[in-house]
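The report below concerns one helix, its surroundings, and the interface between two chains.

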Number of protein chains: 2
Amino acid sequence: MSPLSITLDRESRVPVYRQIVDQIRDALATGSIGPDDRLPTLRALAGRLGVNRLTVARAYDHLSEEGLIASHIGRGTFAVRGGQPERSLHPPPGPAWESLFARTPERAFERPFPSAAMTSAGEGTISFASLYPDPDLFPVKEFRDCVDQVLGRQGAAVLAYGPPSGYPPLREMVAKMLGERGIEASAEDVLITSGSQQAIDLVARALLDPGDSVVVENPTFLGAVQVFQSLGARLAGVPVDEPDRLVEHLEQAAARRNPKLAYFMPSFQNPTSRTIDLEARRGLVSIAAGRRFVLLEDDFAADLRYEGTDLPPLKALPGGGSVVYVSTFAKKLLPGLRVGWVVAPPRLIDRLISLKKITDYGTSLLPQAALHEFCRRGNLDHHLKKVSAAYRSRRDSMLDAMEREFPDGVSWTRPEGGLSIWVTLPDGVSADEVAGEAESRSVVVGRGDLFYVESPRRENLRLAYSMTSPAIIRKGIAVLGEIIRRRMTEGPIPRREKRAEPMPLI
Amino acid sequence: MSPLSITLDRESRVPVYRQIVDQIRDALATGSIGPDDRLPTLRALAGRLGVNRLTVARAYDHLSEEGLIASHIGRGTFAVRGGQPERSLHPPPGPAWESLFARTPERAFERPFPSAAMTSAGEGTISFASLYPDPDLFPVKEFRDCVDQVLGRQGAAVLAYGPPSGYPPLREMVAKMLGERGIEASAEDVLITSGSQQAIDLVARALLDPGDSVVVENPTFLGAVQVFQSLGARLAGVPVDEPDRLVEHLEQAAARRNPKLAYFMPSFQNPTSRTIDLEARRGLVSIAAGRRFVLLEDDFAADLRYEGTDLPPLKALPGGGSVVYVSTFAKKLLPGLRVGWVVAPPRLIDRLISLKKITDYGTSLLPQAALHEFCRRGNLDHHLKKVSAAYRSRRDSMLDAMEREFPDGVSWTRPEGGLSIWVTLPDGVSADEVAGEAESRSVVVGRGDLFYVESPRRENLRLAYSMTSPAIIRKGIAVLGEIIRRRMTEGPIPRREKRAEPMPLI
């Protein structure tokens, strides 16, 4: 390829990333970048142009959405053949991959899964970006004992094909745990899944045809949104920022859209960290029962309440027959094991088990058996006490630091559990820009606008406190406070360039 | 409910299961069985009527296919509300589940996933029914060491969220293993999946919209058929019983149906145990490359060749860019871990990784890391030697026994690897009836007709030798020989009743 020549006009009102987009698009159109040519790496181009790597990433994302370029992990970014006039009249035989892709799931890939950049801890980055449980709190030794005992005692049995519905003692145990939260379920009502992500996917596959309507909270968890979109569902958002009107909003959306499914996270919602009160919970279930749609309850943060009164899950309320309940060991225990579950009425659970067979023929038995052993020994209760104390102290540190460091005009939630706080910036301060500047100063946050399915608001940050110690939290919040304060009074300051690896924002 | 009254006419030319179907249908129509009433268990009704439990199971399957009854695992079988005139004018609020089910995947559930009944070994059952590796051959001790070392050395890292594309060292190792089979792939071309079942599911989801055509071998693996059907694909079968005309058949099917995907198992095909020769392999790939559809190669029995010359996978042949390759550790090592993989060209692998994120956010890391450690130590090579010797000896025992026990007119394959033999019975001997009678004598086999997607042939049995020792194999084949011989000369004999638990036929 001829060298890619890009000239930036820093005085222009056209944003820098747009200038990059336009000039690469021109280069593709004129053929100065040919089909299958490799584009410079983010770091190289950012270095050459003297801009932030994120700016180049944003430009590449746009070009990728336009179908002009495509990134291949570990290989780089290339011009897409067919994204510009073909030069060869004899393309090699073989499938034209893009043209073979299914159209149904296409919506799910229209915007790339958002990433928050994160460097390794050794480089001093402070990460508030992801709802990850802290690996430093994992009960590695206890779990290792359980795995070893399971393999010693049950040997081949947990390495052979098992029932696709799950390891029977674990189904039993999950049903019992749910009983303690007021959900009446027997082992037969429980399907063990590969994380709650798969639980959501299976429920959606069982129920949704292309064109079906799904109501979601707005903003909401993008992993669920992508599932619904991948099945060709049409999404409608219910605003969550007016808790008193939540039920009314659902009623209106249900009347207007006649949904088959509504997806809610009643406790410590992702991303807003809000919890729906008991009256509203009753209202949601009653609407679903009356209108006969399915309420999909995602209780991902179950057991991560550090204070206040526990509220019953939707599934435990009158009308709960309309509720399908999913949860996971990921947030409260060990995410990498990928063990979650779904509880559903008999006819639906049978269909979900059939789909589970089709999908992967059952979740790996060894992690299930080890988790069962871990809980059987009472280790989960002990672990929950430990992490609750740690996360509570981190939350308090973050709230204290915000109180001290954030200027008037910034507001935030004070959740009684979960892993994050939702911050609302004052008018005129862009969360995107604050996030970008913070990253250049090694503080990584979740941009709120990425979680919206419609009418995105631009003034929110999701700040997870789960991965960071109180001292580091104070340091990170001080940096954010300084950036916000400056932007409220003086406008943006130049960014320092910072190398960073993207990580998925979940 | 009023007691279910069924009277059988043993002299009738109407088969017994049909008589049961008709009388239960009548009872539903007249209301003597009401909505949500529980039907007798298989065992109870079989006992009461003095018939084989499988006969009742067959009747229930038919009624279930008609939507009149539904089984709930662990609870029993119930009359379906709406399968007969409603008696209540005021049904309780909540979803009418059946009416909410997605229509797209419905085809996959039209016929129930076939089960072969199998009692526990303690009851003396001989199982030739399932392509399961023998748990007695599992390297439990070695694997346990690997798991323990991984948890000791890497601790929290393998219990935290990992890359959805798979544990990087395992991707690397799989790519290297494939290189030894002539497939050029780097780690970035490999996606680790939860078994090859999920690999097939992801490829299908990436490519298939409802109405798209898929060509499959006929007969073929039902787990793949269900995936394609669940996405609303239209299936066309290519007969595999004329190896010399296989390429011609694919060419014709491709011309007629313009498929997006064709699914093949070139080595030790399931269920026929046939291997496609090199010339035909070249032909298949060349058709796919020329017509630009995707050839999905399922190499589930890779490395389970006990003699003869290894043939290159389709993916390694000229035109292999059109081939997507899936395989698994299930058959050659440990099925319960649910670790398989898919190798695809860059644009497709990126899409598959995106779908993997949506589906379950990545396969459990611990089994992946332990498998990597196991292979790194050279344990896999050692294990393959051990199981190859064992399976080869079992295959030889089965072939020898067939030679001795099966009457003239029966023919069978002599595969150089894999886990099973495909038997063709003489005209006029029904495989279904032989299977039923064999089961009543505690020998469980795979009915060949269940694997067909169209024009099912009724004269085949799939006999897996992998789970059974040579002595038991000889005993089981002797029983089958006796049944077949009698039926060729004297017709059916009465069956003995036998309690049995169904297991999926995979």
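At the start of helix 10 of chain B, a side-chain oxygen of Asp277(B) comes to within 3.3 Å of the backbone nitrogen of Glu279(B). Helices here are DSSP runs (H or I, at least four residues) and strands are runs of E (at least two), numbered from the N terminus. This is a predicted model, in which local features need pLDDT of at least 70 and side-chain atom pairs count only at pLDDT 80 or more, whereas totals for chains, interfaces and linings use all residues. Side-chain values use heavy atoms, with hydrogens and water left out.

The 14 residues of helix 10 (residues 278–291) of chain B should span 20 Å at 1.5 Å a residue (taken times one less than the number of residues), and the end C-alpha atoms are 20 Å apart, which agrees. Helix 10 of chain B is followed by Arg292(B), whose phi is positive, near 60 degrees. Among its buried residues (under 20% relative accessible area, 1.4 Å probe, protein chains only) are Leu284(B), Val285(B) and Ile287(B). The buried residues of helix 10 of chain B pack (heavy atoms within 4.5 Å) against the elements tabulated here.

| Element of chain B | Residues |
|---|---|
| Helix 9 | 246–257 |
| Strand 8 | 261–264 |
| Strand 9 | 294–298 |
| Strand 10 | 323–328 |

Turning to the interface, chain A and chain B bury about 8,400 Å² between them (accessible area lost on being put together, 1.4 Å probe, summed over both), 60% of it on carbon and sulfur atoms. Eight salt bridges (a side-chain nitrogen of Lys or Arg within 4 Å of a carboxyl oxygen of Asp or Glu) are counted between chain A and chain B. Arg351(B) and Glu106(A) meet through their side chains in a salt bridge, at 3.1 Å from N to O.

Notes: Residues numbered from 1 in each chain as written. Chains lettered and ligands numbered in written order. Buried < 20%, exposed > 50% of the residue type's maximum accessible area, 1.4 Å probe, protein only. Polar contact = N/O pair within 3.5 Å; in protein donor to acceptor, adjacent residues only side chain to side chain. Buried area = accessible area lost by both parts, 1.4 Å probe.
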